[in-house]
Amino acid sequence: MALPPHKMKLKLFVDIKAKKVLFAEAGKDFIDFLIYLLSLPLGTVVSLLKEENMMESLGSLCESVKNLPSGYWQPNQSNSLVLKPRCLFDSNRIPLKLSKMGFFYPQIYYCSSDTYMTDVPNLPCPLCKLTMTSRFYTYVGPSHMNSPELPDDGGFVKGMVTYIVTDNLEFKSMTTKEFCTLLNKLSIKDVTELDEVVVEIVPDEGLKLLKASMECMTVLTSVFFEDIGKQKTTQN
Ligand SMILES: [Zn+2]
């Protein structure tokens, strides 16, 4: 059964004794999500993590920006422009299945008396000073909707490819050569001895992945191992 847009699955290979997630076998959805993390402006990262009390000093900085009265800002600046910068995906919460979402493109507004235009509504025209409120049709960027040669699966990477993702979020397409190199690197003699666990990722884990990616080199272990460890202990 298809998972809803805010859930995805990930297969993890775990060393229970060493308390480590060694690597994950991932499809398009998880790789899209990792690439999406890179596309986020820092202001958005702070806003996303702040609600979960996950940010330290950047959280306080964010709070000060939010509380700075409008009279202190330059006329063309505001706290919402800084704290809610435009993202590739327009979403109030962290999206997990980018293939189910459209890229976000701005509306374009123009000055009715000359040739200036903007993507910020109600900005004064630099030439005639009139407010730019007239709206063009919505801007469309390259996407499957207007590029017939693009497959209809959205997001960043093509579907039908399997990737290996290591604990530090390094990822590669899973070829036999890459897989053997990884097993060697991790000193794994027999892959059948590893525990295989499928985890379901919901937005909460998405946020934890984002936070852990900025803090450590053992992201998959720190986000997923505790729950897996508990499951495995109760099973045994
Ligand atoms: Zn004008």
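Which residues form a nonpolar patch on the surface? The first legend gives the answer; every view comes from a predicted model.

**View 1. A nonpolar patch on the surface is formed by Leu-42, Leu-58 and Leu-61.** Together, these three leucines have about 260 Å² of accessible area. Look at Leu-58, which sits in helix H3. Its relative accessible area is 31%. Leu-58 is therefore partly exposed, since that class lies between under 20% for buried and over 50% for exposed.

**View 2. Helix H2 spans residues 42-50 and holds several buried residues.** Gly-43, Thr-44 and Val-45 are among them. So are Val-46, Leu-48 and Leu-49. What covers these buried residues? The cover includes helix H1 (28-39) and helix H3 (57-67). It also includes helix H4 (79-83) and helix H6 (203-215).

**View 3. Four residues coordinate the zinc ion.** Three donors are sulfur atoms: the SG atoms of Cys-111, Cys-125 and Cys-128. Asp-114 contributes an OD atom. The donors lie at 2.1 to 2.2 Å. Is the site tetrahedral or irregular? It is tetrahedral, with angles of 100 to 119° among the 4 donor atoms. Along the chain, the donors follow the spacing C-x2-D-x10-C-x2-C.

**View 4. Cys-111 and Cys-128 tie together parts of the chain that are 17 residues apart in sequence.** Cys-111 lies in the loop between strand E3 (109-110) and strand E4 (117-118). Cys-128 lies in the loop between strand E5 (123-124) and strand E6 (131-132). Cys-111 is buried, with a relative accessible area of 1%. Cys-128 counts as partly exposed, at 28% relative accessibility.

**View 5. Val-198 in strand E10 touches Lys-9, Leu-10 and Lys-11.** Strand E10 covers residues 195-201. Val-198 and Leu-10 are 188 residues apart in sequence. In space, they are 5.5 Å apart, C-alpha to C-alpha. Is Val-198 buried or exposed? Val-198 is exposed, with a relative accessible area of 52%.

**View 6. The whole protein chain has 7 helices and 10 strands.** Of its 236 residues, 36% count as buried. Now take the contacts between residues at least 6 apart in sequence. Among these, 60% join residues at least 24 apart. The chain exposes about 14,800 Å². Carbon and sulfur atoms supply 55% of that area.

How values were computed. Residues numbered from 1 in each chain as written. Predicted model: local features only at pLDDT ≥ 70, side-chain atom pairs only at ≥ 80, totals over all residues. Heavy atoms only, no water. Donors = N, O, S within 2.8 Å, 3.2 Å for Na, K, Ca; no water. Tetrahedral: all angles 85-135°; square planar, octahedral: opposite > 155°, others 65-115°. Helix = DSSP H or I, 4+ residues; strand = E, 2+ residues; numbered from the N terminus. Buried < 20%, exposed > 50% of the residue type's maximum accessible area, 1.4 Å probe, protein only. Contact = heavy atoms within 4.5 Å. Areas by Shrake-Rupley, 256 points an atom, 1.4 Å probe, with all protein chains shown as cover. Patch = residues over 30% accessible without salt bridge, like charges linked within 9 Å, V, L, I, M, F, W, Y side chains within 5 Å. Salt bridge = Lys/Arg side-chain N within 4 Å of Asp/Glu carboxyl O.
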